[in-house]
Each structure stands twice: as C-alpha cells, then as structure tokens.
Amino acid sequence: MSISSVANNRSTVYIGAGLGVTMIAGGLSYLYYKYIKRDVMPLKWRRIGTLDQINIFPVKSCAPLKLSDNDEVFCETLGLQYRGVRDRALMLINENNEMITARIYPKMVLIQVMAIDDAKLCFNFDGMESLELDFSKLVEEAPGKDVHTSVWGTKIDAMLCGEKYDSWFSRCILQKESGLRLVYYPYPKPVRSTNARMAKEPFIKQEDSGTFGDATSYMLMNLASVEDLREKMNKFVDPLQFRGNFHLHMDKDEPYAEDNWQWIRIGENAVFRIVAPCTRCIFPNINVTTGERDPNGDPLKTLKSYRMFKNYASPALGVHLGLRRAGVIKNNDVIYVEDNSP
C-alpha cells in the first residue's frame with residue numbers, strides 16, 4: 001500500500017471519528033436542553049394573573065368543598081389538603097370493585113360536601129338526610145378491609161369506609177339499599193402507576209399520580225380559555241364542569257396561553273411543572289347545577305372542532321400539573337409563569 005493510500009485511509013478514519021463525536025455531542029446537547037435544562041425550576045418569574053378559585057373534590061365526581069377567600073390550602077404531593085381533608089381521597093366503586101363516576105351517574109355532581117370541622121365532612125343530597133364522615137377516625141372505625149380496584153385501568157388497592165356510607169351513597173345514587181361502596185385512599189404517598197395514556201409525556205413523574213384523580217394530582221383551568229369556548233358555543237358553560245383544582249383569572253385576555261407554559265407558581269412557594277394537556281371526555285357535558293347532560297353533546301362537541309392535539313384522541317382544555325415545591329395557597333394569590341426574557 002502506498003504512503004498516500006495510508007494517509008487517505010487515516011483521514012477517512014479521523015473524519016468519521018470527528019463526525020461521530022459531533023453527532024454524539026449534538027445528541028447530548030439536544031437531550032440536555034429538551035429534558036434536563038427544561039426541567040430545572042425557573043429563577044425568574046412573571047405575573048400572569050390571580051387564583052380565582054380553589055376546588056377540592058373530596059369524593060371523586062361529587063361537588064367541591066366550598067372555601068372562603070381566607071381559607072388556606074396546602075399543596076402537597078398527594079394533592080390539595082384542607083384541614084385534614086384531601087382532594088379525591090374518597091371514591092365510589094360498584095359490587096365488582098369498579099370505579100363509579102358521574103359519567104354514568106351524572107347526578108353525582110349534585111352531592112354537596114361541606115367541611116364542618118378538622119378532617120370532618122358533611123354530605124348532603126336533595127331529599128336525603130345528611131351524612132357525616134370523620135377522616136381522622138376512618139382507620140379505627142372502618143372495617144379494615146382492602147379491595148382491589150383501578151382508576152382508568154391503573155390498578156390500586158383502597159380501603160372500605162363502612163356500611164353506613166355504602167348504604168347512604170347507594171340510596172342517593174341508585175335509589176337502592178346497596179350496590180355501591182365508598183372507599184378511601186390509605187397511603188401517605190402516591191403509589192399508583194402513571195396513567196398509560198400519559199406515560200410517554202417526558203416530564204410526568206410517578207408521584208404526580210396522587211390519590212384517585214384521573215391522571216395527576218393537580219389541574220388548572222384558564223378562565224379566558226373557558227370564556228372563548230363559551231363564545232364559540234354561544235351558550236354558558238360553568239368552569240366547574242371541567243373539574244379543575246385551580247381557576248386562573250388572567251391579567252390580560254389570553255385564551256389558551258397555558259398551551260405554551262412549562263412552569264407555574266402560585267403565591268410565594270407552591271411550584272408546579274406542566275406535565276400534559278388535559279384531554280376531555282363526556283364529563284364536561286354535565287351541568288353542575290342540574291346534573292343533566294347537554295342534549296347537543298357540548299362542550300365536548302365544540303372542543304372537538306378546534307382543540308384536537310397531535311397524538312391525542314380527545315380534545316384538550318386545561319393543563320395537568322405535577323407539584324415540584326410544596327406550599328400554602330389561598331384564593332386571590334398571584335400566579336406566575338417562567339420568565340424567559342434575557
């Protein structure tokens with residue numbers, strides 16, 4: 001082999017090696033900016049509005065607690081907590097241990113829940129006697145039996161609350177003495193796996209699954225987006241139909257601005273990572289005042305006409321959040337997003 005041939009071969013090797021290093025460096029740089037740098041909590045924030053309403057739903061699919069503007073709510077990994085009552089820490093199941101929601105029994109949204117003392121709730125429904133439940137005594141008074149159930153196919157074990165609760169909710173929803181059972185979330189931390197349809201989201205974590213929520217512990221609704229939907233429908237839609245934990249009142253009228261945010265801070269300490277858009281089923285079609293479904297299939301039908309996202313089979317409105325720093329919040333707190341200005 002000639003000296004020139006050897007030199008050419010070496011040049012080819014060096015060029016190939018250089019290209020390989022460049023490609024690896026480029027790939028690492030891409031991964032760094034996409035998954036690591038983007039998941040670092042911001043140092044700078046900018047105000048975008050205020051917290052108009054906090055919604056805690058003690059029983060999945062039932063009405064939220066009524067909170068005053070001065071009530072302080074703690075944001076923790078499992079979800080919102082108010083005076084010992086957790087968001088969606090209670091759920092109804094049928095005799096086959098299957099989750100029951102207002103999608104099948106829309107009148108569930110009319111079951112009112114009131115906090116009457118620390119960790120104590122009072123349930124009310126038209127025509128029924130009221131029912132009290134004390135979270136602090138569930139462990140000692142409940143039958144102590146666990147059941148195998150699931151939330152949208154994701155398995156989880158829960159604990160039975162007791163026959164008096166089963167009977168009340170069965171009569172309330174089924175008009176029968178039995179058929180439903182009330183269960184509670186007994187764990188001190190999230191144990192459920194990530195919802196399968198969200199598993200590919202790059203920033204969601206297992207601990208974002210919370211208690212018995214459909215997907216994550218927290219969800220935020222931009223009221224400007226809801227108002228834009230109202231205008232497109234040309235009819236009223238209550239933000240509560242979307243079951244969000246937070247209602248954001250924007251300083252400026254910016255519907256769907258939430259599609260482009262990555263981080264949210266509420267008040268001084270509570271920080272959340274936006275982990276996914278919130279896709280919608282038939283639930284928002286239920287009127288929270290009457291418990292009736294919209295005869296025209298709205299707002300879901302209208303959302304399908306303009307809010308379909310790539311890789312999602314359902315339209316989206318609102319954003320799922322994962323808690324990244326715990327904190328106390330209250331109504332009218334300032335809400336911030338990441339400030340990307342230089």
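Trainee: Are Y218 and F272 buried or exposed?

Mentor: In this predicted model, Y218 and F272 are both buried. The term applies because a residue under 20% relative accessible area counts as buried.

Trainee: What makes Y218 and F272 an aromatic pair, and why is the pair called edge-to-face?

Mentor: Their ring centres lie 5.0 Å apart, and the limit for a pair is within 6.5 Å. The planes meet at 65°; because planes over 60 degrees apart count as edge-to-face, the name follows.

Trainee: Which strands does this pair link?

Mentor: Y218 belongs to strand β13 and F272 to strand β16, with their positions 54 residues apart, so the pair is said to link distant parts of the chain.

Trainee: Why is the pair of W168 and F169 called edge-to-face?

Mentor: The centres of these rings are 4.9 Å apart and the planes stand at 80°, so the pair is edge-to-face. W168 and F169 are both buried, and they form one aromatic cluster with F123. In total, the structure holds 9 aromatic pairs.

Trainee: How do you know that the charged end of R273 sits over the ring of F203?

Mentor: The charged end of R273 is 3.9 Å from the ring centre of F203, set against a limit of within 6 Å. The assignment also requires a position within 35 degrees of the ring normal. K232 likewise lies over the face of Y306, at 4.8 Å from the ring centre.

Trainee: What stands opposite R273?

Mentor: G322 in β17 stands opposite R273. Strands β16 and β17 run antiparallel and are joined by 7 bridges; because at least two bridges are needed for pairing, these strands count as paired.

Notes: Residues numbered from 1 in each chain as written. Predicted model: local features only at pLDDT ≥ 70, side-chain atom pairs only at ≥ 80, totals over all residues. Heavy atoms only, no water. Helix = DSSP H or I, 4+ residues; strand = E, 2+ residues; numbered from the N terminus. Phe/Tyr/Trp six-rings, centres within 6.5 Å; stacked < 30°, edge-to-face > 60°. Buried < 20%, exposed > 50% of the residue type's maximum accessible area, 1.4 Å probe, protein only.
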